[in-house]
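Subject: Structure handover

Hello,

Here is the structure I promised to pass on. Please open it alongside this note.

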Amino acid sequence: MRVLFIGDVVGGPGRRGLAATMPQLEERHRPDLVIVNGENSAGGIGITEKTAGALFEAGADVITSGNHVYRHRDAYEYLDRTDRVIRPANYPHANPGRGHTVVEADGMQVGVINLSGAVGLQVARLPFSEADALVERIDADCLIVDFHAEVTSEKVAMGWHLDGRVAAVFGTHTHVPTADARVLPGGTAFISDVGMTGSRESVLGVKREQALESLITQMPVRFETAEEDVWVMGAVVEVNAEGMADSIEQVMVPAP
Ligand SMILES: [Fe+2]
Ligand SMILES: [Fe+2]
């Protein structure tokens, strides 16, 4: 079973870039399951039913998210209604949406879990204990984790924490891809961050002159999504019959 995981899709340029690139990714990697992080899909921050719909139309089967998931209030009811868009499981239980979902792919029941790091981000419970509880609770043939976290130490630690218990831990949130993709000794595919799907002529997806002005002047600046030189970033993992990973391959391609 092959999983294609796509990093944070930033705004309209990211959504359109993903849609334009998916045909070549499908042909090259033949994924059975496509998971897309959509936390930046609406105007660069947050997600709405409409932008989630665009990601599904592009080929996503499951959408994960992160710290920006509640930016758009009108999406809360949608997050409660859909079982295909998930938010970090270690947020307060009463918050809109759910933290995991189970879907079928290539004859396997695949559990997809979204977790948020606790370092530099707000959570209700630590991601490590939350992961333990979910691995115990979810009835599936294999588990895939989107670990939306700020620092590499916490991400690498989560890889080791879950090694041998889940098929893959994909890091998201920093929007910058790391060069450490590998299968850990216990059979868990791991990468600290898959990167983002958006403009590379930007600062993490934001127009670079606006990001620079903000950092240089220390004054409030309105951020807009950059449009030039859109790349699609992610990773492909091959999951075996035991529910563990045989391989992980990084994906970094310019949108046509
Ligand atoms: Fe993001
Ligand atoms: Fe984020």
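Below is what turned up, pockets before cores. Keep in mind that this is a predicted model.

Pockets

The largest pocket has a volume of about 530 Å³. Its lining counts 24 residues. Gly44, Ile45, His68, Val206 and Phe223 are the closest to the pocket's centre. Helix 6, residues 208-217, gives the most to this lining, with 3 residues. By class, the lining splits into 9 nonpolar, 11 polar and 4 charged residues.

The second largest pocket comes to about 150 Å³. Arginines in its lining are Arg87, Arg98 and Arg137. Glu130 and Leu134 line it too, as do His93 and His100. Ala89, Gly97 and Gly99 are also in the lining. Here helix 4, residues 127-137, gives the most, with 3 residues. The class split for this pocket is 2 nonpolar, 4 polar and 4 charged.

Cores

Nonpolar side chains tend to be buried together in soluble globular proteins. In this model, the largest nonpolar core has 25 residues. Met1, Val110 and Phe170 have the most contacts inside that core.

What does Phe170 touch, leaving out residues up to four places away in sequence? The list is Phe5, Ile144, Val145, Asp146, Phe147, Ile191, Val194, Ala235, Val237 and Ile248.

Apart from the largest core lies another, of 24 residues. Met22, Ala52, Val85 and Val232 are among its members.

Best wishes

How values were computed
Residues numbered from 1 in each chain as written. Chains lettered and ligands numbered in written order. Predicted model: local features only at pLDDT ≥ 70, side-chain atom pairs only at ≥ 80, totals over all residues. Heavy atoms only, no water. 1 Å grid on protein atoms, 1.4 Å probe; cavity = no way out; pocket = protein on both sides within 12 Å on 5 of 7 lines; lining within 4 Å. Points joined across faces, edges and corners; volume = space filled by probe spheres on them. Helix = DSSP H or I, 4+ residues; strand = E, 2+ residues; numbered from the N terminus. Nonpolar A, V, L, I, M, F, W, Y, C, P; charged D, E, K, R; others polar. Core = buried A, V, L, I, M, F, W, Y, C linked by side-chain atoms within 4.5 Å. Buried < 20%, exposed > 50% of the residue type's maximum accessible area, 1.4 Å probe, protein only. Contact = heavy atoms within 4.5 Å.
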